[in-house]
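Trainee: Could we go through this model together? I would like to understand how each label is earned.

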Amino acid sequence: MRDGVLNVYKERGYTSHDVVAKLRGILRMKKIGHTGTLDPEAEGVLPVCLGRATKLCDMLTDETKTYRATLLLGLETDTQDVTGRETARYPVAVTEEEVRAAVLSFGGVYMQIPPMYSARKKNGKKLYELARAGKEVEREARPVMIHDICVDEMTLPRVVLTVTCSKGTYIRTLCQDIGRKLGCGGCMESLTRLRVGRFLLEESVTLAQIEALRDSGALEQRIVPLDGMFADLPKIVMRAGEGDRLVRNGNLFPPHLAVNADASCRGRVRVYDSEGQFIGIYGFNDAERRYRPVKIFLGGNTGDADNHRNETISD
């Protein structure tokens with residue numbers, strides 16, 4: 001199985017860690033990591049990193065994401081979605097025009113308070129652990145970016161939204177905040193992740209489809225190769241000998257040790273050894289006049305990236 005990223009469609013009822021565990025069985029490989037938790041009742045795009053690509057997990061978690069969410073007005077719960085315990089119920093006496101205006105007002109940067117049912121930590125404790133123990137603690141509001149938000153459908157008290165947002169945005173909290181701005185409360189009824197960076201919903205595959213693709217020998221075609229994740233960066237190839245030795249050990253190197261490191265390659269670049277093996281991403285340091293490693297993918301033990309992705313902060 002090649003190192004790379006697989007665009008998985010996470011179905012309802014599975015946790016992100018369930019997906020990783022099942023993929024380990026399907027693909028018969030241990031080194032697999034996901035790139036951002038989706039709640040069990042949420043569905044949609046979950047990029048999964050395989051082999052050496054697990055070193056990409058932190059980079060993919062930072063990608064912009066797009067969601068389709070159903071906001072249910074008039075109801076608030078302790079989890080900010082319909083799976084939680086009801087905490088308040090209000091009449092929904094708002095017009096469609098008022099709803100649209102409230103939704104659109106959240107475009108741009110807004111200060112969002114992380115929900116208690118989240119993996120954020122307070123004094124070393126995960127918030128959801130405190131919430132399950134019946135404790136609620138003060139949380140600091142953090143800036144999040146709503147790049148785009150629109151109303152797709154509206155049959156009050158339900159409103160279907162499409163939201164493109166930054167890392168760290170809780171769509172559950174956004175739904176509650178919209179409801180509170182309207183004075184009638186609200187929570188999230190459903191959530192589908194449509195996009196994570198380059199990975200789109202229509203190109204994702206379910207676990208059952210992955211198993212079928214494995215059996216037919218066609219799965220490799222659905223995996224984005226490791227270096228393919230950086231296809232927009234210039235490619236430079238090292239000279240045999242000293243050039244290969246330096247990059248294979250993750251060291252800095254001067255431009256003359258590469259075959260084609262001309263003036264057009266003075267930013268970040270993809271580096272390959274003289275045999276065509278992808279080494280990693282380097283960036284040119286003007287002061288040192290050397291290429292310095294940014295992320296090395298050759299060899300080494302990346303560990304199970306899903307273990308440290310438990311702390312993801314997006315819905």
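Mentor: Happily, and keep in mind that this is a predicted model. Let's begin with strand β16 (residues 268-272) and strand β17 (residues 278-285), which run antiparallel and are joined by five bridges.

Trainee: What makes β16 and β17 a pair?

Mentor: Pairing takes at least two bridges between two strands. Five bridges join β16 to β17, so the pair meets that cut-off. One of the links is R270, whose bridge partner in β17 is I281.

Trainee: Why are β15 and β18 said to stand at the edges?

Mentor: The open sheet has four strands in the order β15-β16-β17-β18, with mixed pairing. β15 (235-237) and β18 (290-296) each have a single partner strand, so one side of each lacks a neighbour in the sheet. Neighbouring strands here are turned by 40° against each other on average, direction ignored.

Trainee: Why is R28 called exposed, and where does R28 lie?

Mentor: Exposed means over 50% relative accessible area. R28 has 66% relative accessibility, so it counts as exposed. R28 lies in the loop between α1 (16-27) and β2 (32-34).

Trainee: What makes R289 partly exposed?

Mentor: Partly exposed covers the range between under 20% and over 50%. R289 has a relative accessible area of 46%, so it falls in that range. The loop between β17 and β18 holds R289.

Trainee: How do you know that Y9 and E43 make a polar contact?

Mentor: The cut-off is an N or O pair within 3.5 Å. The side chains of Y9 and E43 make their polar contact at 2.7 Å, so the distance satisfies that limit.

Note on methods. Residues numbered from 1 in each chain as written. Predicted model: local features only at pLDDT ≥ 70, side-chain atom pairs only at ≥ 80, totals over all residues. Heavy atoms only, no water. Helix = DSSP H or I, 4+ residues; strand = E, 2+ residues; numbered from the N terminus. Axes fitted to C-alpha atoms, helices over the stretch in contact; angles between N-to-C directions. Polar contact = N/O pair within 3.5 Å; in protein donor to acceptor, adjacent residues only side chain to side chain. Buried < 20%, exposed > 50% of the residue type's maximum accessible area, 1.4 Å probe, protein only.
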